[in-house]
Amino acid sequence: MTVFVPAYDVEAPKCLPACRKIVEVHRRFDVPATFFIVGKMLEANPSEYRELLSDSAFEVASHSYSHKMLRDHPICGPAASTEQVKTEIFKGKALVENVFNRLCLGLRPGCGFVDGLKGAPELLRLVSEAGYRYVSSMLWGPDFSMPAPLNQPFTYSSEGYPNLWEFPGHGWHENVFKISSAKARRILLFPPLYPEMVPSSFVKTPLEEFRFNNRPMIDRAMSEHAMYVSLVWHPWSLNAFDPEMKMLEMTFEYLKKLGVQSMSFSEVLSLISK
Ligand SMILES: [Zn+2]
């Protein structure tokens with residue numbers, strides 16, 4: 001049975017007012033979520049985030065300490081220094097745990113990669129040493145294209161870490177295909193993996209976003225009997241594009257109609273690692 005994982009990358013000062021609106025929609029629909037938060041955002045507003053996200057329906061995980069790259073990325077830039085990478089992994093986790101007084105199980109590295117952390121033994125060592133139970137780092141299609149395919153969870157056992165899970169993200173990073181962020185132009189693969197998800201120009205309305213990203217990805221997950229489907233959402237971008245959060249409402253209504261349950265990544269982890 002496919003589940004939906006609502007997940008947010010909280011990474012900019014504008015994410016705080018956006019998260020207030022997002023939390024309100026989640027409460028109204030009684031839907032859990034995972035919030036991956038950049039450590040620096042927690043340093044800036046610890047009590048505000050604690051108050052907003054302490055509800056047990058919400059998982060808080062790390063989006064690194066300051067969003068620096070853990071490995072080279074052709075669009076987001078080269079990897080940070082070894083020392084900085086350590087800070088991103090360890091300090092990001094510690095901030096979540098100190099602010100929320102609970103374990104931080106997951107790490108979503110800034111931008112994510114095509115292969116997640118495959119082929120990066122030093123990163124896997126650090127992530128494991130820091131005590132993460134999962135990473136959500138596989139967020140792109142082939143050759144850093146979008147949308148990201150419906151990859152399913154796996155462990156890094158072939159690289160020596162059988163207890164470390166990868167939870168891939170799916171579809172478009174929603175900020176990338178909106179007119180508000182037209183910088184990523186060479187993002188499409190030819191031939192496309194999922195032609196129904198390629199609009200002819202930047203999307204202009206919440207309904208278009210739903211039609212070109214959320215609905216086709218959810219439908220595909222259902223028809224392929226995927227364990228879960230999760231889109232890559234950014235509070236600052238959602239709020240700039242759709243201040244009334246109509247896209248979230250449409251998505252949660254659609255899931256309700258289909259009878260698809262939502263859960264956080266930590267809930268997926270406890271299901272899958274039983
Ligand atoms: Zn990010």
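## Exposure at E244

A residue counts as buried with under 20% relative accessible area, exposed with over 50%, and partly exposed in between (1.4 Å probe, protein chains only). On that scale E244 is exposed, because its relative accessibility is 58%. E244 belongs to the loop between α7 and α8; helices (H or I, at least four residues) and strands (E, at least two) are DSSP runs numbered from the N terminus. The C-alpha atoms of E244 and V25 are 9.7 Å apart, with their places 219 residues apart along the chain.

This is a predicted model, in which local features need pLDDT of at least 70 and side-chain atom pairs count only at pLDDT 80 or more, whereas totals for chains, interfaces and linings use all residues. Residues are numbered from 1 along each chain as its sequence is written, and side-chain values use heavy atoms, with hydrogens and water left out.

## The zinc site

Let us turn to the metal. Which residues coordinate the zinc ion? E11 does so through OE, while H63 and H67 each use NE2, at 1.9 to 2.1 Å. Donors here are N, O and S atoms within 2.8 Å of the metal (3.2 Å for Na, K and Ca); water is not among the atoms, so sites may look incomplete. Along the chain, the zinc donors are spaced as E-x51-H-x3-H.

The two histidines can be told apart by their accessibility. H63 has a relative accessibility of 0% and therefore counts as buried. H67 is partly exposed, because its relative accessible area is 23%. H67 sits in the loop between β4 (58-62) and α4 (82-100), and its phi is near 70°, which is positive even though the residue is not glycine.

## Helix α8 and its partners

Helix α8 (residues 246-258) packs against helix α1 (residues 15-29) at about 25°, and the two axes are 10 Å apart. Axes are lines fitted to C-alpha atoms, for helices over the stretch in contact, and angles run from 0 to 180 degrees between N-to-C directions. So α1 and α8 are roughly parallel to each other, as angles under 35 degrees are called (over 145 is roughly antiparallel, 65 to 115 roughly perpendicular, the rest oblique). Their crossing is right-handed, meaning that the near helix is turned clockwise from the far one by less than a right angle (anticlockwise would be left-handed). On the α1 side, I22, V25, H26, R28 and F29 meet L248, E249, F252 and E253 of α8; contact means heavy atoms within 4.5 Å. This α1 and α8 contact has five nonpolar, one polar and three charged residues. Ala, Val, Leu, Ile, Met, Phe, Trp, Tyr, Cys and Pro count as nonpolar, Asp, Glu, Lys and Arg as charged, and the others, Gly among them, as polar.

Helix α6 (residues 206-223) also packs with α8, at an angle of about 30° and with the axes 10 Å apart. These two helices, α6 and α8, are therefore roughly parallel to each other, and they cross in a right-handed sense. From α6, P206, L207, E209, F210, N214, R215, I218, D219 and M222 meet K246, M247, M250, T251, Y254, L255 and L258 in α8. The contact of α6 with α8 has 10 nonpolar, two polar and four charged residues.

## M245, in the loop before α8

Is M245 buried or exposed? M245 is buried, because its relative accessibility is 2%. M245 is placed in the loop between α7 (235-241) and α8. Apart from neighbours within four places in sequence, M245 is in contact with A18, K21, I22, V25, L238 and N239. I22 and V25 also appear among the α1 residues that meet α8.

M245 is not a glycine, yet its phi is positive at about 60°. Most residues other than glycine have a negative phi, and most peptide bonds are trans. The C-alpha atoms of M245 and H67 are separated by 25 Å, with the residues 178 apart along the chain.

## Cis peptides and the loop before α6

Where are the cis peptide bonds? One runs from M146 to P147, with omega near -5°, and P147 lies in the loop between β6 (134-135) and β7 (154-156). Another cis bond joins F190 to P191, with omega near -10°.

P191 is in the loop between β9 (170-173) and α6. F202 is also placed in the loop between β9 and α6. With a relative accessible area of 27%, F202 is partly exposed. The C-alpha atoms of F202 and V5, 197 residues apart along the chain, are 25 Å from each other.
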